[in-house]
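Student: I would like a close look at a single part of this chain, followed by a tour of whatever else can be set beside it. Please take the part I ask about before the rest.

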Amino acid sequence: MYNAFVKTIELADGRKIEIETGKLAKQADGSVVVKMGNTMLLATVTCAKEAKEDVDFMPLQVEYKEKFAAAGRFPGGFMKRESRPGDYEILISRLVDRALRPLFPDDFHAETFVNVLLISADKDTMPDALAGLAASAAIAVSDIPFNGPISEARVARIDGKLVINPTFSELEKADIDIMVAATLENILMVEGEMSEVSEAEMLEAIKFAHDEIKKHCKAQLELMKEVGKTEKREYSHEVNDEVLRQLINEKLYDKVYEAVKTTPGKHDRHDKLDAIKTAFVEEYTASLPEGAEPNTSLIGRYYHDVEKKAVRNLILDEKVRIDGRKLDEIRPIWCEVNYLPATHGSAVFTRGETQSLTTVTLGTKLDKKMIDEVLIQGSDQFVLHYNFPPFSTGDARPSRGLSRREVGHGNLAHRALKRMIPDNSPYAIRVVSDILESNGSSSMATVCAGTLALMDAGIKIKKPVSGIAMGLITDTESNRLAVLSDILGDEDHLGDMDFKVTGTENGITATQMDIKVDGLSYETLAQALEQARQGRLHILGKILETIDAPREDLKPHAPRIEKLIIPKEMIGAVIGPGGKIIQDIQAKSGATVIIEEIENVGGVVDVFAENKDAIDKALKMIKGIVAVPEIGKEYDGVVKSVVSFGAFVEILPGKDGLLHISEIDWKRVEKVEDYLKVGDEITVKLIDIDQKTGKLKLSKKVLIPKPERPDNPPKQDNDQR
């Protein structure tokens, strides 16, 4: 038997979210089932009793998985079973991870595993908006130390109205789509996309989501109390040496402060800081009793604390950053387009020590990304891929497959640009950003380089987009803060916020924010957004100095697509039995032909080739198939057969007409074979269509000047007669 506990959260529109525990997966440290409608998520958390030796970070792993059976579907592929996580599952896992990770105690280092499974799926309910709530609730009903609870909520603006956790169908009409994570008191994480909205509109949406999240957090606190898990386990995962900590701070702080203040280059600064640490280790080791070894793990941890303190104080006290910039100053930027002449579009975007080499490739509808998730099926016309090789940071290590970070950063850049792709673009478009150097804001460099490369390719994007990463340094004791524009990697790592904002000159298109401190006010967020807007516009100006508008035409070697609309009833005629006709068109023209039936439009034919001649030839053949013969029109035809009374001429694909012997020439024609043979290409005129049979009557002689009849023809002698 089981003893279940249930809490219910009611949304404004009457829908309900239920959190149930005590029924499933009871051997996990904590487990819950979160239900909304017919959608159910099972979340579990397990945690090791002790931390591994010398671990000084939070080894948290979050996995979100969707079961195909939840929606009554078979997985694709030969094995017919779920395999490695798809991009969608990875992105949801990251959303949950980023919200949970900052709230575990700083000295808690036991391996912790959070698993969220979609076990039942209502086809119009979006489960990703419930995953954060489920994960937090599982931790809440466990004895694992956690400074939560938290929850996540999606907020969308649909027809001017903000909506919590909209359905799939509702979201299609949204001009704001963001996911917000928060505790009862503070915002933790924001991620989403928008249609050029203002900073004030985005803040309003965040506040709206937070009001909903507060209800989720209160429900978890009530559930925690009912289950009896308000007291968490005791732990001791760190061994500290306060004497050593004090020694490092006293001996090294001034040296570190001077190093970060006077060494702007990333690698030079890191080398100097490493040298300070190495010299201390040597000196400290020499001071130890013979045979004693220093605790390098503790030295590394305490030295990192000194670095963090020095960098933060430099910024707060002197308003100077570690690379010498002012707080709102953007690093030097240089851009170049058409760097790779053989690609369909390319660009280099370099900002400080961060550089992206980005390419654009154009394809047909056959090149679209196919999507086959549990609840999402279809295709994506525009894709963006982000690659972060180890050499971009000077690391000497192999590159082992695609990382979750690469998936996440690529998704952010994709969301920043996708609403600017023209709605009527016939191309499948792939943007690839290869990060060649990295010192912060590489995803934002990808957005800028993507804009440049798309314009270089001749894609008529609606508006250019730029992006910037903002940072924050705070000191609550002295009530000081500094908002930083265009942050470095060290400023991200040692700071309190990473806030990425992308947009056009008119508004925001995407955002991603991770906040690492409690009590960040909306006034501070508003300040960061305004500073980000000014930075974005500065960067956009640099982009437009390089290329101020999309190229008028595609590159000469880029493939071309022509679109043709044909009547719905003619689709079969163009395809032919078993695809025979369309295959023949492709073989003879060298073009790729794709036909798609669209409701209320007809047949949409895309003709794709790398040269205009191939496209023109294919279009001519297709137009011939769907054309309706017109009396009085001239046609270039081919003689298909010759008979005693004339010849049958194909004037359109599959449409033959009779060229009667009397219509071949003005002179009397005795034998058709003397004038025509099978395969001859001739020009004829359609002079009549039989109304009953539909047979076509052709003439060649009407296109020949009629000879004048002489007034006095000469007499012929007997031999001539």
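Student: Which residue is the bridge partner of aspartate 688 in β29?

Tutor: The model is a predicted one. The bridge partner of aspartate 688 in β29 is lysine 697. The pair belongs to the contact between strand β28, residues 681-689, and β29, which pair in the antiparallel sense over four bridges. β28 and β29 form a hairpin, with six residues between them. Within that turn, glycine 694 has a positive phi of about 80°.

β29, residues 696-699, also pairs with strand β27, residues 655-660. Here the two strands run parallel and are joined by three bridges. Leucine 659 has leucine 698 of β29 as its bridge partner. β29 thus has an antiparallel pairing with β28 and a parallel one with β27. Strands of a sheet pair through backbone hydrogen bonds, in either the parallel or the antiparallel sense.

These strands belong to a closed barrel of five strands, which runs β25-β26-β27-β29-β28 with mixed pairing. From one strand to the next, the twist averages 50°. Elsewhere in the barrel, strand β25 (residues 634-643) and strand β26 (residues 646-652) run antiparallel and are joined by five bridges. Valine 642 stands opposite alanine 647 of β26 in this pairing.

An open sheet can be set beside the barrel. It has five strands in the order β11-β12-β13-β17-β16, with mixed pairing. β11 (333-337) and β16 (382-387) stand at the edges, and each has a single partner strand, so one side of each is left without a neighbour in the sheet. Neighbouring strands of this open sheet are turned by 15° against each other on average, direction ignored. Inside the sheet, strand β12 (residues 345-351) and strand β13 (residues 354-363) run antiparallel, joined by seven bridges. Serine 346 has threonine 359 in β13 as its bridge partner.

Two helices pack on this sheet. Helix α9, residues 442-456, touches β11, β12, β13, β16 and β17 (428-437). The direction of α9 makes about 145° with that of β12. Helix α11, residues 522-546, touches β11 and β12, and its direction makes about 35° with that of β11.

Next come the side-chain contacts. The count of salt bridges comes to 55. One of them joins arginine 269 to aspartate 490, with the closest N and O atoms 3.3 Å apart. This pair links distant parts of the chain, 221 residues apart: arginine 269 is in helix α6 (residues 266-287), and aspartate 490 is in helix α10 (residues 489-494).

Two loops have backbone geometry to note. Most residues other than glycine have a negative phi, and most peptide bonds are trans. Aspartate 54, although not a glycine, has a positive phi of about 65°. Aspartate 54 lies in the loop between β4 (39-47) and β5 (60-66). The peptide bond from glycine 148 to proline 149 is cis, with omega near 5°. Proline 149 is in the loop between α2 (128-140) and β7 (151-158).

The last item is internal space. The count comes to one cavity of 30 Å³ or more, and the largest cavity has a volume of about 30 Å³. Its lining consists of Glu20, Thr21, Lys23, Leu24, Ser31, Val32, Val33 and Leu42. The elements that give two or more residues to this lining are β2 (16-21) and β3 (30-36). β3 provides the largest share, three residues. By type, the lining residues divide into four nonpolar, two polar and two charged.

To return to the part you asked about, aspartate 688 and lysine 697 are bridge partners in the antiparallel pairing of β28 with β29, and both strands are part of the closed barrel.

Notes: Residues numbered from 1 in each chain as written. Predicted model: local features only at pLDDT ≥ 70, side-chain atom pairs only at ≥ 80, totals over all residues. Heavy atoms only, no water. 1 Å grid on protein atoms, 1.4 Å probe; cavity = no way out; pocket = protein on both sides within 12 Å on 5 of 7 lines; lining within 4 Å. Points joined across faces, edges and corners; volume = space filled by probe spheres on them. Nonpolar A, V, L, I, M, F, W, Y, C, P; charged D, E, K, R; others polar. Pairing = 2+ DSSP bridges. Axes fitted to C-alpha atoms, helices over the stretch in contact; angles between N-to-C directions. Contact = heavy atoms within 4.5 Å. Salt bridge = Lys/Arg side-chain N within 4 Å of Asp/Glu carboxyl O.
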